[in-house]
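Here are some notes on the two-chain model you sent round, set out as numbered points so that each can be checked against the coordinates.

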Amino acid sequence: MALSNGTGAQSDPPGEYEFLDKIIRHMDRHLIFPLLEHETNREDISDERLKDLTIAKYRLLYNTNMTDYVADLWKEVNDSDEVPTEFSKKREEVLERLRIFEEESSKITDLLADDAVVSQLRSDKVANLKFLEENHGVTIEMVNILYDFGKFRYACGDYERASDLLYQFRVLSTDNEKVSRATWGKLVCEILNTNWEAAMEEIQKLKDSIETRLFNNPRAQLTARESLVHYALFPFFNYEPARETLTELYFSPPYISSIQTVCPWILRYLAAAVITNRSRNKNLGSSSGAYQKQLKDLVRVVKQEVYEYNDPVTEFVKALYVDFDFEEAQRKLGEAEEVLRNDFFLGSSTDVFVESARHLISESYCKIHQRIDIKDLSKRLGLSEEDGEKWIVNLIRDTRVDAKLDYKAGTVVMNHPPQSVYQQRFIVLFHGVNSERFRPIARERRLDLGEYWLKRKARSEKRNF
Amino acid sequence: MSSRFFHGGDSDSESSSSEEEELYGVEGKAEDSEEEESSEEESDSEEESSSDDEGGPVGASRFMKDVASSDESDDEDKHTIVKSAKDKRLEELEGTVRLIENKEKINDWAVISTEFDKMNRQVIKIVQSGTIPKLYVKTISDLEDTINETIAKQKTTALKMNASNTKGFNAMKQKIKKNNKDYATEVEKYRADKEAYMESDEEEEAVPVEKVRRNRVQRIDELDAQIDEEGFATVGRGGRTLQYTPESILKHLRTIIESRGKKNTDRGEQIRIMEKLLEVATTPYQKIRVLLTLISTRFDLTSTSTQTYMSQEQWRSAEREFSSLLQILEASSTYVVTENADEWDDDDKAPQPAPNEVFKIPGSIVSSIERLDDELTRSLQQTDPHTAEYIDRLGDEQLLYNDIVRSLIYIENLKKMENVETPPESANRIVMRRLEHIYFKPTQVVTTLEENTWKALPERLQSEITPRGFVKDAAPLVQTLCNFLFQHSEGIIRARAMLCQIYFLALQDDYWRARDLALMSHLTENISTFDISTQILFNRTLVQIGLCAFRAGLCYEAQGVLQEICGSGRQKELLAQGVGMQRYSQVTPEQERLERQRQLPFHMHINLELLECVYLTCSMLLEIPLLAQTGSSPDIRKRIISKTFRRMLEYTERQVFQGPPENTRDHVMQASKALANGEWRKCSELISKIAIWDLLGKDRENVKAMLAAQIQEEGLRTYLFTYAPYYDTLSLTTLSGMFDLSVKKIAAIISKMISHEELGAALDQVNDAIVFRKGVELSRLQSQIVTLSEKAMGILESNEKVLETRTAGMANAYVRNEQRGDRGGGWGGWQRRDERRIGGQAGAARRPGGQQFGGGALGGAIKA
């Protein structure tokens with residue numbers, strides 16, 4: 001919305017502006033601001049673009065209560081020192097309303113600040129409300145004022161206090177609709193406060209409420225999931241412990257299908273997350289199986305969406321795992337690196353990503369090849385010959401690949417021991433029992449069309465007309 | 001004009017108009033006979049007519065008679081009914097009286113006695129509904145006189161009568177005395193002044209006769225010029241035609257409507273009457289009413305059985321009338337036609353709505369247009385598609401489409417009107433019809449159709465859903481119509497709209513969108529709950545998606561989609577493109593009739609030969625490498641992609657002598673054999689020689705190129721699968737020469753195969769070669785052990801399945817992978833115990849394997 005004029009005015013070489021546009025469209029107004037701010041701080045930014053962004057920021061915040069900042073932006077946009085009276089008037093209004101709100105809500109906030117009262121509250125909301133009503137004269141209207149005030153604070157950019165107010169409101173209110181809106185508001189507040197743990201809590205709450213409250217309205221579920229997926233990007237890449245949980249969340253059948261349906265661009269983040277997860281998983285030393293599964297899922301999804309969405313990151317995945325085109329993968333890795341560096345969310349994890357991606361390339365390369373020219377491999381990994389050699393040595397050491405360097409010929413020789421038939425059998429046996437037979441019956445939205453047949457086969461007999 | 005002559009002399013003229021005609025017919029017959037005879041005959045035929053016999057004169061009057069008699073049973077229109085019934089009874093009475101008079105003259109008392117009884121019965125009925133008929137009074141008093149006279153005569157002359165006569169006479173004597181007491185006053189009056197008594201009667205009825213007569217004279221003079229039929233028929237027609245005045249239109253319509261659905265109604269005649277009525281109709285109200293009835297009568301003309309259909313002439317007239325109906329409705333804003341309007345009962349005067357008022361006329365534009373559409377479809381079903389007639393009828397589609405669009409506009413306008421409730425689905429139904437006329441057509445055809453339609457419609461008509469000039473292209477049109485239906489409709493129409501859109505997208509080579517829509521619609525899950533024609537549409541859509549995938553070069557997807565339809569061997573039946581031969585099931589005539597009814601007209605067909613060709617080619621590309629793969633390593637489960645293809649292949653292989661390929665199937669089969677032998681060039685050549693590809697039009701060359709590329713790849717794969725056991729190493733350059741592919745491409749294909757563990761090999765980058773691993777193949781003993789272990793697994797599985805059904809719903813207890821971590825939670829203990837017991841040794845062996853799946857430590861131990 002805000003940036004659309006910005007993108008139109010300029011050439012958009014890597015398609016990144018457009019990408020940003022897509023993301024922004026699904027974000028909360030206040031969440032867009034950091035994104036724009038990040039854009040503004042790019043080193044190679046042109047004047048024109050800077051101006052566009054400033055206008056965008058101005059328009060973005062125009063409707064909020066952050067009047068001072070908006071006035072500053074106005075000055076910047078119009079290149080003048082005088083501020084129209086409009087802003088000062090609005091400022092007065094905002095202050096006035098703030099005062100009124102404070103007055104109105106003072107009673108209930110005081111009550112809630114009183115430990116004696118709070119200690120008497122129980123988990124039952126209705127009983128609480130009744131208790132407060134009987135003993136302290138609290139009405140529903142007063143509770144709702146908390147909500148309105150929280151919203152107002154939020155519009156002022158005072159996220160911390162807004163978050164508190166919304167929390168208090170949520171404790172008392174029985175209006176499910178408003179409670180869920182308050183939860184969304186609180187999530188944004190926590191994100192903007194960079195209070196990730198609390199944000200994760202809110203995400204969990206929202207996830208549950210989407211499943212339970214909206215279960216008979218698929219359309220609303222879809223939009224809610226879409227928003228959640230977008231909002232959750234903030235903790236996803238800024239808060240380490242959240243990474244694992246959120247990856248799982250994104251891969252869970254309802255979410256992955258939402259992503260595929262309405263916002264395939266999230267795949268970039270998902271792909272980046274999966275690929276970077278590799279190094280961390282290795283450090284933890286566990287769940288390589290889970291990692292393999294994630295990777296497999298990722299490849300499947302990317303392959304399915306390739307007709308609809310492409311960017312360097314997904315193209316990298318495609319080149320490596322669908323086409324087995326290592327040269328292409330290498331090229332895409334280069335492109336992806338650049339894109340990632342400039343990405344608000346992924347900027348910090350670029351190096352980890354490149355490292356992990358190289359690992360993936362070499363892993364799959366080694367699996368397929370028996371004898372590899374070091375020079376060639378180094379080229380593929382985008383390294384000098386010497387670095388390449390080091391890299392391979394490290395790789396052999398780290399992954400315990402059965403391989404030897406032939407220094408004279410300048411090659412690596414892989415020793416792929418043939419799998420014994422007995423081993424194969426057993427694996428098939430265990431595999432068959434443990435994972436295939438009891439695979440959770442999760443139905444993805446995008447069945448292969450081939451499954452049309454399977455699903456209807458049984459029915460077709462009935463249909464003899 | 002002889003009728004006038006007869007009429008003038010006859011006393012029956014007082015009867016109502018419908019009766020008149022009947023009498024003319026009768027009198028015309030009796031023209032030459034003598035007075036007495038004629039009266040006798042008349043009475044006879046009248047008796048006949050009262051019992052509705054076939055003895056009536058010609059078709060037209062017979063029909064009118066029906067109307068009259070049927071009226072008796074109808075309460076709605078008391079006025080006319082009572083009158084005609086009464087008249088009829090009077091006539092009967094007259095007949096009887098005449099008979100009695102005749103018999104009096106010859107002293108046949110036996111007959112007189114029976115006739116007298118009959119007359120009394122008739123009179124009772126008449127008396128119930130009015131006064132005592134004078135004729136009756138006259139008869140009984142005359143009869144009494146005669147009896148008295150006869151008694152006197154008998155005494156004087158001692159004339160003997162025969163036995164039956166005497167008996168009748170005596171009975172009469174007593175009866176007449178008794179009877180006449182009841183009518184004493186009337187009889188007295190009559191006796192007092194015979195002439196005057198009968199006169200008063202005459203005068204009363206003379207007036208209307210005069211009027212009718214005058215009227216008739218005028219009318220006939222007018223019509224003389226128009227009617228050039230001759231003789232007798234002219235009389236009948238002339239007599240009737242003069243009733244077609246603007247005032248009487250509604251009455252005529254009423255009778256026609258009432259006769260609807262009855263046996264023995266001559267609809268052709270009704271249509272002719274209505275056509276005449278339409279000519280004389282002056283007000284919009286009359287015109288609308290006549291047209292509504294006329295159109296529905298035209299539809300009644302053809303029974304709903306499969307074999308008959310509306311003739312083109314009839315259809316065109318119906319179409320013409322329908323469009324003029326719309327024209328009238330568009331012009332007059334006062335009258336609207338809706339389904340839920342009340343009948344206007346007063347036939348004598350038309351409703352006079354106030355200028356701003358809206359008057360509703362019962363009727364259904366939607367049903368009419370639907371019927372019109374169905375009739376065209378039916379006639380197309382019955383016509384041989386290879387004749388000029390078919391093309392000719394197909395041309396009528398434009399007219400029909402015009403009407404559809406026009407009625408859609410009408411319905412839209414109705415919706416905008418206040419205080420007119422239109423059922424919401426009427427617009428949906430019309431939009432659906434419109435959609436069904438375009439969804440399967442190429443874009444150019446749709447564009448032309450649309451353009452012509454808008455040209456044909458008057459300038460001021462404007463549609464809201466699809467404004468004039470809005471549609472330059474078919475795609476947005478289909479999109480708009482579908483969106484409209486998605487928003488406003490539900491259930492079957494919605495599903496059909498969805499299918500139409502998917503079909504259209506697939507036709508436009510938009511595979512991804514078509515597929516996404518197909519998957520998101522979730523129609524696969526509940527299509528079996530829809531009616532059969534929707535299921536057929538679903539099958540058509542499925543096939544179209546398959547063909548689209550094929551054109552896009554996605555053979556795997558194409559095969560998967562087409563499998564169900566083509567693999568069944570009942571393509572014809574499933575697509576409603578011909579009645580399939582069923583070997584094992586018996587089809588009742590009823591089923592066969594229904595099936596014939598469902599057939600699609602030829603111009604909607606999907607070419608079955610092309611379909612089969614696409615299906616077989618795709619199957620070949622998938623099956624041949626698979627066969628090669630399973631051939632070399634027996635441990636892969638015998639997976640079958642297409643049974644149909646396998647069967648055909650086996651059949652071809654069994655043949656001793658192989659002739660040159662003749663049909664499509666031969667081509668594909670021989671190509672398959674060539675591919676299996678690694679001769680991809682021959683395979684490619686055979687495939688590209690198939691003539692049916694020509695139907696793909698401009699895509700033909702692309703498809704052939706795509707197929708050639710796929711054949712190269714699959715040829716390579718097949719070759720590798722088949723000959724891997726015989727090689728240690730294989731140079732990529734050699735392969736590149738053999739399959740005419742670049743080294744890079746070959747490396748990519750092989751990498752994929754290795755990575756998916758289809759091929760036990762590795763690439764040697766330095767020498768550009770594949771190194772095959774040895775010891776991958778199993779010895780005979782090993783492969784048998786593999787089979788054994790598979791069977792054991794099977795037993796285990798079925799065992800657990802049994803358990804699962806026993807513990808219905810608790811199957812989650814077996815998600816061991818997840819549960820291993822937290823054994824504490826959840827399910828009841830006994831199941832798990834059970835599971836261990838059943839799992840037994842297998843369970844014990846499985847656990848370490850499950851935990852160390854990735855590592856393969858167990859495998860290592862065994863190796864060591």
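1. Helix 21 of chain A, residues 350-368, is a convenient place to begin: its 19 residues reach 27 Å from the first C-alpha to the last, which is close to the 27 Å expected at 1.5 Å a residue. The helix is mostly covered, with 14 of its 19 residues buried. Please keep in mind, here and in every point below, that this is a predicted model.

2. For chain A as a whole, the secondary structure comes to 25 helices and 3 strands. Buried residues make up 49% of its 465 residues, and the accessible surface of the chain comes to about 22700 Å², 50% of which belongs to carbon and sulfur atoms. Of the contacts in chain A with a separation of 6 or more, 61% are accounted for by residues 24 or more positions apart.

3. The corresponding totals for chain B are 38 helices and 5 strands, with 46% of the 864 residues counting as buried. Chain B exposes about 44100 Å², and carbon and sulfur atoms supply 51% of that area. Among the contacts in chain B between residues at least 6 apart in sequence, 67% join residues at least 24 apart.

4. A search of the whole structure finds 22 aromatic pairs over all chains. One of them joins Tyr307(A) and Trp512(B), whose ring centres are 4.1 Å apart with the planes at 10°, so the pair is stacked, the cut-off for that label being under 30 degrees. This pair crosses between chains, since Tyr307(A) lies in the loop between helix 18 (288-305) and helix 19 (312-321) of chain A, while Trp512(B) belongs to helix 22 (residues 511-521) of chain B. Tyr307(A) is partly exposed at 22% relative accessibility, and Trp512(B) is likewise partly exposed, at 27%.

5. A second geometry appears within chain A, where Phe344(A) and Phe345(A) form an edge-to-face pair, 5.0 Å centre to centre and with 85° between the planes. How does the exposure of Phe344(A) read, buried or partly exposed? Phe344(A) has a relative accessible area of 26% and is therefore partly exposed, because the range for that label begins at 20%, whereas Phe345(A), at 2%, counts as buried. Both residues belong to one aromatic cluster that also takes in Phe234(A), Phe236(A), Phe237(A), Tyr250(A) and Tyr269(A). As a separate item on aromatic rings, the charged end of Arg225(A) sits over the ring of Tyr255(A), 5.4 Å from its centre.

6. The strands of chain B deserve a look of their own. Strand 1 (residues 335-338) is covered on both faces, with Tyr335(B) and Val337(B) on one side, Val336(B) and Thr338(B) on the other, and all of these buried. In a regular strand the side chains alternate between the two faces of the sheet. Strand 1 of chain B runs parallel to strand 2 (residues 359-362) of chain B, to which 4 bridges join it, and the bridge partner of Thr338(B) in strand 2 is Pro362(B).

7. Which strands pair with strand 4 of chain B? From chain A, strand 1 (residues 369-373) is joined to strand 4 of chain B by 2 bridges, the two running parallel, and here Arg371(A) has Asp764(B) as its bridge partner. Within chain B, strand 4 also pairs with strand 5 (residues 769-772), in the antiparallel sense and over 4 bridges, with Val771(B) as the bridge partner of Ala762(B). Strands 4 and 5 of chain B form a hairpin with 4 residues between them, and Asp768(B) in the turn has a positive phi of about 55°. In strand 4 (residues 761-764), Ala761(B) and Leu763(B) point one way and Ala762(B) and Asp764(B) the other way, and all are buried.

8. A last point concerns a polar residue, Gln544(B), which is placed in helix 24 (residues 532-551) of chain B. Its relative accessibility is 4%, so Gln544(B) counts as buried, the limit being under 20%. Once neighbours within four places in sequence are left aside, Gln544(B) is in contact with Tyr503(B), Ala506(B), Leu507(B), Arg551(B) and Ile606(B).

How values were computed
Residues numbered from 1 in each chain as written. Chains lettered and ligands numbered in written order. Predicted model: local features only at pLDDT ≥ 70, side-chain atom pairs only at ≥ 80, totals over all residues. Heavy atoms only, no water. Phe/Tyr/Trp six-rings, centres within 6.5 Å; stacked < 30°, edge-to-face > 60°. Buried < 20%, exposed > 50% of the residue type's maximum accessible area, 1.4 Å probe, protein only. Lys NZ or Arg CZ within 6 Å of the ring centre and 35° of its normal. Contact = heavy atoms within 4.5 Å. Areas by Shrake-Rupley, 256 points an atom, 1.4 Å probe, with all protein chains shown as cover. Expected span 1.5 Å × (residues − 1). Pairing = 2+ DSSP bridges.
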